[in-house]
Amino acid sequence: MTKLSLCMIVKNEQATLSKCLESVQDVVDEMVILDTGSTDQTVEIAEKFGANVPKFEWGDDFAEARNEALKYVTGDWVLVLDADEVLNKKVAPQIKEAIEKDENLVVNLVRHEIGSSQSPYSLVSRLFRKHPEVNFSRPYHAIIDDSVSELLKKESHWKIVDLPAITVFHYGYTPGAIASLDKYNRAQQAMENFIKENPNDPYTCSKLGALYAQIGKEKQAIKLFKQGLKSNKADTHVLYELHYHLGNLLSKQEEKEKAIKHFQKAIDQPIMAPLKLGAYNNIGVVLQSMGDYKNAAQAYETTLKIDPSFITGYYNFAMTLSAMGKLADAVAIYEKLISLSPNYAAAYQNLGVVLFKLKKLPESSEAFKKAVSLYEAQNNQVAAENLRNGLKELGIWEG
């Protein structure tokens, strides 16, 4: 029977660690949790779950810490999680099946980025065979991919496979989680140091470029994305990221035709469809802004075929249908959206507008009232007041 080990590095993760470990306790045979200097209850929580908790002095290098943690693993396979991630227990049988196959070296997992409205899915190489030549590289965004590429040159019989089900839920991109971490300065420093030595590394161009875009350094970001694309060394997933991020920045700078070109190149990459949601959605946004509602609607419809729970896709699709004058269809999409996300105030407001245009005044009034009450409940007093005043002017607000 193949033995599976959880392998983690942690520091001051008491807020999220229990939830993470509860999700894997019935799936893994061993827990190795390397502590890099916690001053809270992290170590006690890990030990409560029966984990082996070695100590390690943090040296600003994630790969170094992850490789240190690997030294303590005794299993045949390694599952790597962060404390703000949770394993989808429903996928446990597929994980077990994948690691029993003699030819498999790496099993890529689909991760759901909770709180990311545009690109909710990513692919991560976090499940791999314990092999002496598989280890982590890169000081930030540490990955095994470099060592795996080298190993495959010598031992070509190994297979890398993708598990199509959503396997990991990641809570690190929720606004609260981002605000509470001083992650940008640390990430920026580590990646800038790395890229000085490896200027044409497409993976780091993509990750550092995305970080620059996030903190407003757009010129530097565009330069890095173009640098990564010129290298001709990027794999399909990195190519997707480079084109996608470049498309976003070009769109922001009103270079719409160029943005569409890069979003289309991202879509053309031979990767799993859920990973392309961001590109389909954002090409739709650009087309919509250009008045090309037909093709925008097609792009949004594609997002919903890929992921019937994609809230942003429903909202944008309904807006586009409304702009096309397909009001009854827009109502149906808003209603579907509200069934999935019942506290979406703007969806109720827009539904009210469409119903008003359809002269369904009682239903319209109900939708508007619901929007106002949700705005108030969510402490968005400005939106509530603006909507109330607008409705009073139209003579459809009482009180």
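1. Which residues of α8 are buried? The model under discussion is a predicted one. In it, Pro202, Tyr203, Thr204, Cys205, Ser206, Leu208, Gly209, Leu211 and Tyr212 of α8 are buried. This helix covers residues 202–214. A rise of 1.5 Å a residue gives an expected span of 18 Å for its 13 residues, and the C-alpha atoms at its ends are 18 Å apart, so the expectation and the model agree. Just beyond α8, Gly216 adopts a positive phi of about 90 degrees.

2. The sheet deserves attention next. It is open and is built from 7 strands, arranged in the order β2-β1-β3-β6-β5-β7-β4 with mixed pairing. The edges are taken by β2 (30–35) and β4 (85–87); each has a single partner strand, and therefore one side of each lacks a neighbour in the sheet. On average, neighbouring strands of this sheet are turned by 35 degrees against each other, direction ignored.

3. Both senses of pairing can be seen at β3, which spans residues 77–80. Towards β1, the two strands run parallel and are joined by 4 bridges. One of the residue pairs here is Ser5 with its bridge partner Val78 in β3. Towards β6, the pairing of β3 is antiparallel and extends over 3 bridges. On that side, Leu79 stands opposite Leu127 of β6, and Val78 stands opposite Phe128 of β6.

4. How do the side chains of β3 point, and are they buried or exposed? Trp77 and Leu79 point one way from the strand, while Val78 and Val80 point the other way; all are buried. As a general matter, side chains in a regular strand alternate between the two faces of the sheet.

5. Strand β6 also pairs with β5. Residues 104–113 form β5 and residues 121–129 form β6, and the two are antiparallel over 6 bridges. Among the matched residues are Leu109, whose bridge partner in β6 is Val124, and Val106, which stands opposite Phe128 in β6. Phe128 thus has Val106 opposite it as well as Val78 of β3. How many of the residues of β6 are buried? The count is 8 of its 9 residues, and the strand is mostly covered.

6. Helix α4, made of residues 92–99, lies across β1 (4–10), β3, β4, β5, β6 and β7 (159–170). Relative to β7, α4 runs at about 155 degrees. Gln94 may serve as an example from this helix. Its relative accessible area is 33%, a value between the 20% limit for buried and the 50% limit for exposed, so Gln94 is classed as partly exposed. When neighbours within four places in sequence are left aside, the contacts of Gln94 are with Leu163 and Ala165. Gln94 and Leu163 are 69 residues apart along the chain, yet their C-alpha atoms are separated by 7.8 Å.

7. Thr303 is a residue of helix α13, which runs over residues 293–306. Is this residue buried or exposed? Thr303 has a relative accessibility of 0% and therefore counts as buried. Apart from neighbours within four places in sequence, Thr303 is in contact with Leu277, Tyr280, Asn281, Phe310 and Gly313.

8. The packing of helices is considered last. Two packed helices are described by the angle between their axes and by the distance between the axes. For α14 (residues 311–323) and α15 (residues 327–340), the angle is about 160 degrees and the axes are 8 Å apart. This angle makes α14 roughly antiparallel to α15. The crossing of the two is left-handed. Contributors from α14 include Tyr314, Tyr315, Phe317 and Met319, and those from α15 include Ile333, Tyr334, Leu337 and Leu340.

9. Helix α15 also packs on α16 (residues 345–357), with axes that come within 10 Å and cross at roughly 155 degrees. The pair is therefore roughly antiparallel, and α15 passes α16 in a left-handed crossing. In this contact, α15 supplies Leu327, Ala330, Val331, Tyr334, Glu335, Leu337 and Ile338, while α16 supplies Ala347, Tyr348, Asn350, Leu351, Val354, Leu355 and Lys357. Tyr334 and Leu337 of α15 belong to the contact with α14 and to the contact with α16.

Definitions and conventions:
Residues are numbered from 1 along each chain as its sequence is written. This is a predicted model: local features need pLDDT of at least 70, side-chain atom pairs count only at pLDDT 80 or more; totals for chains, interfaces and linings use all residues. Side-chain values use heavy atoms; hydrogens and water are left out. Two strands pair if DSSP finds at least two bridges between them. Axes are lines fitted to C-alpha atoms, for helices over the stretch in contact, and angles run from 0 to 180 degrees between N-to-C directions. Contact means heavy atoms within 4.5 Å. The expected span of a helix is 1.5 Å times one less than its number of residues. Buried means under 20% relative accessible area, exposed over 50%, partly exposed in between (1.4 Å probe, protein chains only). Angles under 35 degrees count as roughly parallel, over 145 as roughly antiparallel, 65 to 115 as roughly perpendicular and the rest as oblique. A crossing is left-handed if the near helix is turned anticlockwise from the far one by less than a right angle, and right-handed if clockwise.
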